[in-house]
Amino acid sequence: MSSSISSSDISRSDAAWGRCLAAFLGALGIGALLILVLMVLVDPYDSGQFGLLGIEGVVDQNATTADASRARDPRFDSAIFGNSTGQLLDPADLSPATGKHFVQLVAPGADPRGQLAILDFFIRHHPHIGALVVVTDELWCSHNPAPLPANLFPFWLYDGSKLDYARHLFSWRALDHAFQRITIGLGSRKRMAPDGFWSYEEVWPPGGKHPAVTTPPQQPPFAGQVSDVFPIETLLEGAIKKLPAEVAVVLLVPPTFFTIIPQPGSLAAAEHEACNKAFRSIVAGRPHSNFIDYRIDNALSRDPANFVDLIHYRAKIAQKIDQGVIASFAFGNAAKIDF
Amino acid sequence: MLFSDYPFLLVFLPAAIVIYRLADPHPRWRIAVLLLLSFVFYGYWNPPSVVLLAASIVMNWLAMLAYQRTKWPAVVTAMIVIDLLVLGVFKYANFFVYNLGVALDRPMPQLDIVLPLGISFFTFHHIMYLADLRRGKAPSCSLGRYALYIAFFPQAIAGPLARWSQVMHQFGRRVYSPGWQRQFCIGISFIAIGLFEKILLGDRIGRLLDPIYAQADRGQVLNGDSWLALVFNIQILFDFAGYSDIAIGLGLLFGVQLPFNFNAPFRSTSIQDFWQRWHMTLMLFLRDYVFHPLANARIVPRRFRLLQYFGAMLLTMTLCGLWHGASWSFVLWGILHGGALVGCSLWRRHGPRLPPLIGWALTVVFVLLTGVIFRAATLDAAWNVFCGLAIPPTLDRGKHLVPVVVVPLIAFLLPASQDIVARLTARPRPLLAGLLGIGMLALLLEIGDRELHEFIYFQF
């Protein structure tokens with residue numbers, strides 16, 4: 001008798017613990033399912049992979065993720081790529097002067113592989129491309145083919161794999177973006193500027209932050225040969241070569257404050273010239289295309305008022321670059337560059 | 001495969017549970033299936049290292065067989081020496097070569113050696129079994145059961161260092177027998193708490209501390225950041241206690257109760273108390289297999305036995321430091337803790353009784369200060385952190401410093417996780433279980449947000 005009571009107690013207890021397990025798994029499973037449904041409906045990064053609700057645009061301060069939405073916007077046929085050193089190039093200057101429709105797709109902090117992923121994404125989403133501007137800083141001239149350490153660029157957002165994309169939507173950040181997109185859909189919030197332009201001079205207004213004027217240490221003379229193999233630059237070459245011949249391309253090396261410009265006759269100068277040569281060869285023969293090296297020692301690059309820090313120039317220089325790009329699209333490598 | 005990463009939590013673990021559920025009704029399959037799962041888990045990190053693990057298991061098991069047949073203690077001793085040599089080559093060869101170069105004042109080549117994951121832990125598991133075999137305490141066992149003792153995936157990589165007597169008899173038992181639902185609830189609670197400790201407490205502090213220690217490695221630490229660097233020991237507590245709790249929870253899902261590893265160590269009122277609450281399974285190993293043999297060996301005359309006792313204590317802790325890594329900073333850390341244990345022991349014999357609050361404060365300050373030596377890459381880096389303490393801390397980073405205040409308070413005030421789990425699972429409460437499910441979902445979303453910190457103890 002007591003034994004049968006005991007075994008029924010045990011089974012009652014097991015059933016109660018079983019309900020606990022069911023409650024745990026149910027809450028976890030239903031919660032996960034709801035999140036998945038929300039993501040499929042909203043597409044938090046507006047990448048075009050999901051998004052049954054058809055909401056357009058994002059509210060995302062992070063250009064690295066916001067670029068997915070802009071890069072597939074059919075209103076634009078032309079784009080600017082690079083990192084923060086290309087951020088002040090203004091589509092509002094380039095578009096009317098060239099007759100094309102430019103979108104800013106720079107990704108601050110991204111290394112060249114990330115920038116190439118955005119370039120590839122843009123190309124895949126535009127059957128007709130007008131023109132491209134690629135801001136190629138020193139990082140493109142690395143001889144090391146290995147990816148940079150701790151590269152946190154969201155390749156999953158640009159590589160086109162639905163599964164990889166979905167896997168990265170299970171996060172607080174994606175949920176936050178989803179709710180922001182819902183507010184855009186409901187009309188209670190405005191999407192960010194579709195052309196992606198934002199000036200860091202809003203944070204560092206002119207007359208404020210600037211680099212210190214120091215005397216750069218004398219770099220030793222160098223008379224040897226440097227390697228002309230630039231693996232990352234080669235990736236860019238491959239991407240540009242795939243484009244139809246009528247797509248105009250301007251590659252430009254952004255200006256830096258004079259203290260970090262390679263001194264003539266030094267190893268750094270030889271490396272810089274070898275890299276420039278490789279850039280030139282990428283656009284050689286392509287109509288309305290050009291390579292411009294703005295990393296030169298002159299009155300503009302010596303004035304600290306023209307820079308926020310050693311590598312980020314101000315609007316005065318950016319306007320000069322915009323003019324150089326516009327001239328290049330008109331006259332190719334015969335363009336007169338005023339810098 | 002990290003316990004706190006998606007590949008483990010969303011793929012390996014559910015698959016392992018389903019596969020083992022299918023094997024559970026068949027007694028002959030239970031150990032084999034669990035062993036296979038363990039090798040898959042271990043091989044995911046570096047497939048070739050499975051060969052080393054398997055070879056190590058087979059060699060030690062053959063040594064056990066040879067000892068059973070011959071009863072020659074030398075067989076066991078030789079095997080333990082081989083185990084230690086293998087550990088020494090993988091873990092200390094470069095350290096030895098480097099210091100030899102320094103001593104001879106000539107550069108020596110560094111060997112290209114990859115430290116196999118968990119080698120320190122599985123070597124100690126071998127030693128515990130073989131030493132007890134020689135003492136006549138451990139029984140012989142099948143190759144499968146022995147292999148599972150060494151490779152059981154919840155404990156293989158970073159412990160807890162379970163004795164053979166604690167776990168071996170549990171392998172092969174039926175998991176899905178009456179009461180399994182409760183075991184699962186307890187296991188899941190341990191996993192949830194462990195993930196909380198690791199992701200929300202340990203990693204959060206780690207993100208604040210990593211740049212500070214990187215700066216200390218380069219030079220002076222400015223802005224009073226050294227004061228933040230002091231909380232490293234709290235980070236490692238939640239990192240490793242979190243790992244251990246997940247391991248314990250996983251063990252329960254496969255019918256094995258692993259020993260507890262931490263017992264609220266930052267509530268200790270003396271350094272002796274601390275070492276009875278911190279990484280308890282390692283300390284029990286060191287006590288039984290290093291300290292006791294050293295302290296009880298008839299090496300010195302009777303009147304010097306106390307000196308031998310303290311010497312054994314100091315040497316044990318020095319080896320404990322060296323076990324954590326091939327670096328002089330670990331050795332110094334071990335010596336300091338050994339010295340503190342000797343000092344504490346002498347104080348207990350000859351000094352006045354300290355009020356618990358003062359004992360607690362002294363213990364915490366000592367542990368946090370020596371934690372800097374443990375964490376810093378070099379002694380120079382540790383010195384840079386200590387020099388930086390001359391600059392008072394600045395509070396202008398506001399809310400970013402909240403973890404540095406809140407997380408230590410949790411370490412000081414909350415009971416051990418096993419006590420929390422015992423309270424949570426005292427009786428079945430479906431509502432609480434549902435809330436735990438939502439909490440687990442929140443943790444999974446948190447994992448999706450970030451690149452994970454590897455568990456600190458993986459490097460040991």
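**Internal cavities, the largest pocket and a helix pair**

The largest cavity is lined by 11 residues, and those nearest its centre are Asn233(B), Ile236(B), Trp278(B), Trp333(B) and Phe374(B). Two or more lining residues are contributed by each of three elements of chain B, namely α11 (232-253), α12 (271-275) and α15 (328-350), and among the contributors to this lining α11(B) gives the most, with 3 residues. The space enclosed in the largest cavity amounts to about 90 Å³, and its lining is made up of 8 nonpolar and 3 polar residues, with no charged residues. These values, like the others reported here, were computed on a predicted model.

In total, 2 cavities of 30 Å³ or more were counted. The second largest cavity holds about 40 Å³ of space, and its lining comprises Gly57(A), Val58(A), Ser69(A), Arg70(A), Arg191(A), Met192(A), Ala193(A) and Pro194(A). Sorted by class, the lining of the second largest cavity has 4 nonpolar, 2 polar and 2 charged residues, whereas no charged residues are found in the lining of the largest cavity.

The largest pocket has a volume of about 830 Å³. It is lined by 31 residues, of which Leu28(A), Leu9(B), Leu10(B), Pro14(B) and Leu444(B) are the closest to its centre. Both chains take part in this lining: at least two residues each are supplied by α1 (2-42) and α6 (162-167) of chain A and by α1 (6-23), α9 (180-218) and α20 (430-449) of chain B. The largest share of the lining, 10 residues, comes from α1(A). In terms of class, the lining of the largest pocket consists of 30 nonpolar residues and 1 charged residue, with no polar residues.

Within chain A, helix α4 (residues 112-124) and helix α8 (residues 231-241) pack with their axes 10 Å apart and at an angle of about 10°. Because angles under 35 degrees count as roughly parallel, α4(A) is therefore classed as roughly parallel to α8(A). On the side of α4(A), the contact is made by Pro112(A), Arg113(A), Leu116(A) and Leu119(A), while α8(A) contributes Ile232(A), Leu235(A), Leu236(A) and Ala239(A). By class, the contact between α4(A) and α8(A) involves 7 nonpolar residues and 1 charged residue, with no polar residues.

Key. Residues numbered from 1 in each chain as written. Chains lettered and ligands numbered in written order. Predicted model: local features only at pLDDT ≥ 70, side-chain atom pairs only at ≥ 80, totals over all residues. Heavy atoms only, no water. 1 Å grid on protein atoms, 1.4 Å probe; cavity = no way out; pocket = protein on both sides within 12 Å on 5 of 7 lines; lining within 4 Å. Points joined across faces, edges and corners; volume = space filled by probe spheres on them. Helix = DSSP H or I, 4+ residues; strand = E, 2+ residues; numbered from the N terminus. Nonpolar A, V, L, I, M, F, W, Y, C, P; charged D, E, K, R; others polar. Axes fitted to C-alpha atoms, helices over the stretch in contact; angles between N-to-C directions. Parallel < 35°, antiparallel > 145°, perpendicular 65-115°, else oblique. Contact = heavy atoms within 4.5 Å.
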